[in-house]
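Me: I have a structure open and would like to practise reading it feature by feature. Could you walk me through it?

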Amino acid sequence: MHRLTTLALMIAAMALMNGGTFANFSPATGKSKLYVTNSSGDDVTIIDTATLKVISSLKVGHAPHGLVASADGTRLYLTVEGTQKLLVLDTATDRIIGEVAIGRTPNKPSLSKDERFCYIPLREESAFEIVDLNAMKVIKRVPAPAWPHNMYTSPDGKRIYLGSINGEKITVIDPATQSVTDEIAMGAGVRPMAIPRRGSPIYVALSRLHGFALFDPDKKKIVNRIELPSLPPDTPPPYLNTYTHGLLLVDNDRELWVTSCPGNALYVFSLPDLKKTAKIEVGEVPNWLTATSDDRVVFVSNSASDTVTAIDGRSKRVLATIPVGRAPKRLLVVTPKPAA
């Protein structure tokens, strides 16, 4: 055991000295992979997070959108807008092992805490659907504010949050009863969110805001707004007034990474003091963020450059720019855990 530990430390040190691409070395865990949905194509690009090289491209149907993984990393759930399906992927083989027919324009899904149910917003239908993953069928459809876009499960599993763009609300759902308990007006289109382990405040990207808001779910209101540095005065408004689309909490919720879509950059803030600590130039229209399980490497999709940028989470240095498919947006690192 001592020899194995020493060997692991030596390999990790060598990887760091040779370009800093070490991401997730552990002889006890499965291979960590990055899944990238190419929203204007029909495929998902799969990348090895240790080598930062493309492993394969998986055909899934036109306009793949949202991703969510099981807690053990063995299953990946993917919504596809063009085929109106929820796909289930086996992350060991990267094969599709199940599918469910769902409504139009399915966006970012979320899982119930027990992972029996998948909640899926249907952007063009002003509704969300609940899929029973044991029965592999839709069991309920619930009305929602216009253009529901992203769903998130709170860390304690007691709430599911749904943000709507045109409806400009956060909808709160009780997964125990599978019913809506609240709709909270936000004054602007609700884009992606980032929820800390303690559940509050929720960091929210809003339409027309080049920055992010802090939302208190118990007080049911925005308690602070943080603006990113000003853009050049001749900067045209981005698509759907989406100035910020990616938010990511790392380092045990001590850092928040934020995308500037028209600024082609990322900004890093320390928490809880909300001090800006770094700016990182990336590709065109950075869209979504994810990181390895140890937060050593952060990835951002550049939707107008057809690339993914890999960044060292500590030095904030760009490690690689990786070509992927057409208009990459959502992306997620998945690391299968060893069986108990």
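**Reading the model, feature by feature**

Reply: Let's start with a single residue: T235 is partly exposed, because its relative accessible area is 24%, and partly exposed runs from 20% to 50%. Keep in mind that this is a predicted model.

Me: Where does T235 sit, between which strands?

Reply: Look in the loop between β19 (221-227) and β20. The T235 side chain has a polar atom 2.8 Å from the backbone oxygen of P232. Also try G263: T235 and G263 are 28 residues apart in sequence, with their C-alpha atoms 8.7 Å apart in space.

Me: Let me zoom out. How many helices and strands does the protein have?

Reply: There is 1 helix, against 28 strands.

Me: And what does the radius of gyration tell me about the protein?

Reply: The idea is to set the value beside what a compact globule of that length would give. For 340 residues that would be near 20 Å, and the protein has 19 Å, so the two agree. The C-alpha trace spans about 55 × 50 × 35 Å along its principal axes.

Me: What share of the residues is buried, and what does the exposed surface consist of?

Reply: Buried residues account for 56% of the 340. The protein exposes about 14,700 Å², and carbon and sulfur atoms supply 52% of that area.

Me: How do I read the contacts by sequence separation?

Reply: Take the contacts between residues at least 6 apart in sequence, then ask what part of them spans a longer stretch. Here 41% join residues at least 24 apart.

Me: How far apart are the mean positions of the positive and negative charges?

Reply: They are 2 Å apart, for 39 positive and 33 negative charges.

Me: Now a charged residue. Is R141 buried or exposed, or something in between?

Reply: In between: R141 counts as partly exposed because its relative accessibility is 42%. You'll find R141 in strand β11 (residues 137-143).

Me: Which side chains make polar contacts with R141?

Reply: Two glutamates to click on. The side chains of R141 and E125 are joined by a polar contact of 2.3 Å, and a polar contact of 2.7 Å joins R141 to the side chain of E129. Setting aside neighbours within four places in sequence, R141 is in contact with G103, L122, E125, A127, F128 and E129. As for I120, 21 residues away in sequence, its C-alpha is 9.5 Å from that of R141.

Me: Let me try a glycine. Which residues does G98 touch, leaving aside its neighbours within four places in sequence?

Reply: The contacts of G98 are L86, L87, V88 and M136. G98 lies in strand β7 (residues 95-101) and counts as buried because its relative accessibility is 18%. For a distant pair, take G98 and K169: they are 71 residues apart along the chain, and their C-alpha atoms are separated by 32 Å.

Me: Are there backbone oddities to look for?

Reply: Here is the general idea. Most residues other than glycine have a negative phi, and most peptide bonds are trans. So look out for departures from that pattern.

Me: Where are cis peptide bonds found?

Reply: One joins S200 and P201, with omega about -5 degrees. P201 is in the loop between β16 (190-194) and β17 (202-206). Another runs from L271 to P272, with omega near 10 degrees, and P272 lies in the loop between β22 (265-270) and β23 (275-281).

Me: And which non-glycine residues have a positive phi?

Reply: D253 is one of them, with phi near 65 degrees. D253 sits in the loop between β20 (247-250) and β21 (255-260), and counts as buried because its relative accessibility is 13%. K316 also has a positive phi, about 65 degrees. The place of K316 is the loop between β26 (307-312) and β27 (318-323); with a relative accessible area of 18%, K316 is buried.

Me: One last loop residue. Is T49 buried or exposed?

Reply: Buried, because T49 has 1% relative accessibility. T49 is in the loop between β2 (43-48) and β3 (53-59), and its side chain makes a polar contact of 3.0 Å with the side chain of S32.

Notes. Residues numbered from 1 in each chain as written. Predicted model: local features only at pLDDT ≥ 70, side-chain atom pairs only at ≥ 80, totals over all residues. Heavy atoms only, no water. Helix = DSSP H or I, 4+ residues; strand = E, 2+ residues; numbered from the N terminus. Rg over C-alpha atoms; globule rule 2.2 N^0.38 Å. Buried < 20%, exposed > 50% of the residue type's maximum accessible area, 1.4 Å probe, protein only. Contact = heavy atoms within 4.5 Å. Areas by Shrake-Rupley, 256 points an atom, 1.4 Å probe, with all protein chains shown as cover. Lys, Arg positive; Asp, Glu negative; His and termini not counted. Charge placed at Lys NZ, Arg CZ, Asp CG, Glu CD. Polar contact = N/O pair within 3.5 Å; in protein donor to acceptor, adjacent residues only side chain to side chain.
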